[in-house]
Amino acid sequence: MRNVTFAATQFAVSSNFDENIAKGEALVKQAAEQGANAILLQELFAGYYWCKDQDPKYFDWAEPYPGSRVLQHFSTVAKQLDVVLPISYFEKAGNAHFNSLAMIDADGTIMDNYRKMHIPDGHGYQEKYYFSPGDNGFKVWDTKFGRMGAAICWDQWFPEAARILALQGAEVIYYPTAIGSEPQDPNWDSREHWQRVMQGHSGANMVPVVASNRIGTEQGETCGITFYGSSFITDPFGAKVQEMDKTSEGVICQQFDLDKVAKQRASWGLFRDRRPEYYGRITQF
């Protein structure tokens, strides 16, 4: 038996870096008080989602790995609380910029850095202006509380990403997110589609998924976005076992026996019966 409690958080951010860091820390502490061992904060939580507009001033927000103030702060928090923290931040690497995540182990160690592989480009979500595509592959980390995988927002729509993480032994997959209304079509609500895609990854790979999204309305120069929260946790069969609403700040927690989940995954035969020798065509189109 290897019981691990996972948590997702969600909150609205302000224009103040220190306030956002303090809010994130408060929610991490709240989750830890509820017994969480590994806690997910939303994508790029240190500031507004600035990708609504194209403005070079936002490049000043980027920080290097591992010297980022965000990473350094939550390294201290992780050590104090004995929790694992996947932390999303804006990375500067030489002349390149990435939408990145570092896993921080429960002893405060800032582990390997993942750079978001799939970069969207749409009205209100103009990330290609700011971020280069990730160049270091999909990552899993061996932490105090298990082998953990993570991808970032737009990555969550790609089944290949989840499968690669599962093939590398991920016992849970985290998806920090910033998603909400579509400025070009106010009647388009992607919330349920967004959830169902990740539920499918969970069920297809038989691993729990933890997704964290922001809430609140953020107005840019060219458009505004109302983020729809709805952070959730699935069981290894893809069913939602914890879920937040569209507007409330808070945390959700769920415990899994990872040894039991591993036995279920092995017995179902999903990985035993794979035929990778016939999957080559997926890379040809």
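**Sheet, helix packing and pocket in the predicted model**

An open sheet of three strands, in which the pairing is mixed, follows the order β2-β1-β14; strands (E, at least two residues) and helices (H or I, at least four) are DSSP runs numbered from the N terminus, and two strands are taken to pair if DSSP finds at least two bridges between them. The model is a predicted one, in which local features need pLDDT of at least 70 and side-chain atom pairs count only at pLDDT 80 or more, whereas totals for chains, interfaces and linings use all residues. Residues are numbered from 1 along each chain as its sequence is written, and side-chain values use heavy atoms, with hydrogens and water left out.

The edges of the sheet are formed by β2 (38-40) and β14 (250-257), each of which pairs on one side only. On average, neighbouring strands of this sheet are turned by 20 degrees against each other, direction ignored; axes are lines fitted to C-alpha atoms, for helices over the stretch in contact, and angles run from 0 to 180 degrees between N-to-C directions. Strand β1 (residues 3-10) is joined to β14 in the antiparallel sense over eight bridges, with G250 of β14 as the bridge partner of Q10. Helix α1 (residues 17-33) packs on the sheet, touching β1, β2 and β14, and its direction makes about 40 degrees with that of β14. Helix α5 (residues 258-268) also packs on the sheet, where it touches β1 and β14, with its direction at about 65 degrees to that of β14; contact here means heavy atoms within 4.5 Å.

A further antiparallel pairing, over five bridges, links strand β10 (residues 215-219) to strand β11 (residues 224-228). These two strands form a hairpin with four residues between them, and E218 stands opposite I225 in β11.

Helix α3 (residues 159-167) packs against helix α4 (residues 191-205) at an angle of about 35 degrees, the axes lying 10 Å apart. The contact involves P159, A162, R163 and A166 of α3 together with H201, A204 and N205 of α4; by class, four of these residues are nonpolar, two polar and one charged, where Ala, Val, Leu, Ile, Met, Phe, Trp, Tyr, Cys and Pro count as nonpolar, Asp, Glu, Lys and Arg as charged, and the others, Gly among them, as polar.

The largest pocket holds about 330 Å³ of space, a volume being the space filled by probe spheres set on grid points that are joined across faces, edges and corners. On a 1 Å grid over the protein atoms alone, a pocket is an open set of points where a 1.4 Å probe fits, with protein on both sides within 12 Å along at least five of seven lines, and lining residues have an atom within 4 Å of a point. Of the 17 lining residues, Y125, W154, W157, I179 and E182 are the closest to the centre of the pocket.
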